Amino acid sequence: MNVISIQSHVSFGHVGNSAAVFPLQRLGVTVWPVHTVLFSNHTGYDGWRGPALSPETVRDVLQGMEDRGIFAGCDGILTGYIGNPDLGSVVANLVDRVRGANPKAVYCCDPVMGDEGRGFYVSDGVAGFMQETALPRADILTPNKFELQAMSPFTGDSLPELITAARRLCAKGPRLVLVTSLERQDGPTDAVEMLLVSQDRAWLAETPRLSFPINPNGAGDMTAALFLAAILKKDDPGAALSDTISAVYAVLDKTRELGRREMALVEAQDEIVAPPRRFDVRQIAD
């Protein structure tokens with residue numbers, strides 16, 4: 001099983017490819033990582049060094065991969081933060097070329113654009129790319145609640161309203177929308193949920209809320225990677241959600257136990273494969 005992952009890379013910490021590649025490999029997935037930035041650390045710190053790679057450089061790397069004739073063996077494409085719409089065009093072109101070689105290839109798009117409390121932290125051009133170009137191509141979309149509401153657009157905060165918002169996105173392309181780290185007005189206060197929606201079904205899972213002095217970065221990047229791997233292996237949405245939320249909780253719980261700011265991916269590698277605590281998924285009746 002082979003996945004192309006186009007994301008940022010940091011040397012210290014775990015975001016982007018630094019959060020996605022190792023968990024995928026630990027699950028037995030061969031990853032062909034393509035980096036969009038080479039930073040010393042993620043931007044949650046007060047400074048960082050290193051370059052953002054130009055769209056031309058990323059395009060050149062992808063062309064070299066295509067020259068090897070490997071796109072026919074690509075089972076999945078994973079993308080996260082897109083720094084500018086020109087890079088978005090490179091991503092869209094890649095998805096089209098891979099699907100030309102393997103029509104069954106699954107595109108999982110994490111539409112990283114903003115968050116509650118921070119608002120948008122990308123340019124209007126990136127938001128437009130996600131809405132107009134990435135969304136119709138995606139098989140799986142993994143927004144947080146802010147991104148879901150922005151892309152719908154739908155501002156409702158109850159479970160039925162969030163399901164409606166996700167189905168609006170399904171109608172535009174994706175067969176599955178996974179809403180990560182969900183908190184809602186009619187939800188539990190001591191838990192964090194994930195909501196998975198298709199055009200005709202919906203599933204909900206929750207874990208206990210974990211407390212950190214500073215929330216670890218990169219959990220959303222890891223979540224998208226884990227869910228893509230689960231879908232590629234099982235093609236069972238409910239089971240994939242259970243696998244994903246259980247592994248994410250295991251990593252974050254280990255991180256909390258060790259008192260880390262950065263996710264304890266290496267220390268929790270066995271738990272990624274076999275989470276010690278499994279969380280049930282319930283199907284939501286419409």
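**A colleague's note on this predicted model**

1. Let us begin with one residue. Asn-41 has a relative accessible area of 12%, so Asn-41 counts as buried. Please keep in mind throughout that the model is a predicted one. Asn-41 belongs to strand β2. Setting aside residues up to four places away in sequence, Asn-41 touches Val-10, Phe-12, Gly-47 and Trp-48. Of interest here is the pairing with Phe-12: 29 residues separate Asn-41 and Phe-12 in sequence, yet their C-alpha atoms are 4.9 Å apart in space.

2. Now for the overall picture. The protein's secondary structure amounts to 9 helices and 11 strands. With a radius of gyration of 18 Å, close to the 19 Å that the globule rule gives for 286 residues, the protein is as compact as a globular protein of that length. Along the principal axes, its C-alpha atoms fill a box of roughly 50 × 40 × 35 Å.

3. How much of the protein is buried? Of its 286 residues, 55% count as buried. Contacts tell a related story: among those between residues at least 6 apart in sequence, 68% join residues at least 24 apart.

4. A word on the surface and the charges. About 12,200 Å² of the protein is exposed, and carbon and sulfur atoms supply 48% of that area. The side chains include 26 positive and 35 negative ones, and the centres of these two sets lie 3 Å apart.

5. Helix α3 is a good place to look next. It covers residues 85–101, and its 17 residues should span 24 Å at 1.5 Å a residue; the end C-alpha atoms are 25 Å apart, which agrees. Its buried residues are Leu-87, Gly-88, Val-90, Val-91, Ala-92, Leu-94, Val-95, Arg-97 and Val-98. What covers these buried residues? The cover includes strands β1 (2–12), β2 (30–41), β3 (76–79) and β4 (106–109), together with helices α2 (55–67) and α4 (124–137). Strand β2 is also where Asn-41 from the opening point is found.

6. Helix α6 can be read in a similar way. Its 12 residues, 159–170, reach 16 Å from the first C-alpha to the last, close to the 16 Å expected at 1.5 Å a residue. Buried in α6 are Leu-159, Leu-162, Ile-163, Ala-165, Ala-166, Arg-167, Leu-169 and Cys-170. These buried residues pack against helices α4 and α5 (145–151), and against strands β7 (140–141), β8 (176–182), β9 (191–197) and β10 (202–208).

7. Some backbone details deserve a look. The peptide bond from Ser-152 to Pro-153 is cis, with omega near -20°, and Pro-153 sits in the loop between α5 and α6. Ser-181 is not a glycine, yet has a positive phi of about 40°. Ser-181 lies in strand β8 and, at 48% relative accessibility, counts as partly exposed. Asp-235, another residue other than glycine, has a positive phi near 50°; Asp-235 is found in the loop between α7 (219–234) and α8.

8. Finally, a lysine in helix α8. Is Lys-254 buried or exposed? Its relative accessible area is 17%, and buried means under 20%, so Lys-254 counts as buried. Helix α8 runs over residues 237–258 and holds Lys-254. Leaving out neighbours within four places in sequence, Lys-254 is in contact with Ala-264, Glu-267, Ala-268 and Glu-271.

Technical notes
Residues are numbered from 1 along each chain as its sequence is written. This is a predicted model: local features need pLDDT of at least 70, side-chain atom pairs count only at pLDDT 80 or more; totals for chains, interfaces and linings use all residues. Side-chain values use heavy atoms; hydrogens and water are left out. Helices (H or I, at least four residues) and strands (E, at least two) are DSSP runs, numbered from the N terminus. The radius of gyration is taken over C-alpha atoms; the globule rule is 2.2 Å times the number of residues to the power 0.38. Buried means under 20% relative accessible area, exposed over 50%, partly exposed in between (1.4 Å probe, protein chains only). Contact means heavy atoms within 4.5 Å. Accessible areas come from the Shrake-Rupley method with a 1.4 Å probe; for residues, only the protein chains shown count as cover. Lys and Arg count as positive and Asp and Glu as negative; His and the chain ends are not counted. The place of a charge is taken as NZ of Lys, CZ of Arg, CG of Asp or CD of Glu. The expected span of a helix is 1.5 Å times one less than its number of residues.
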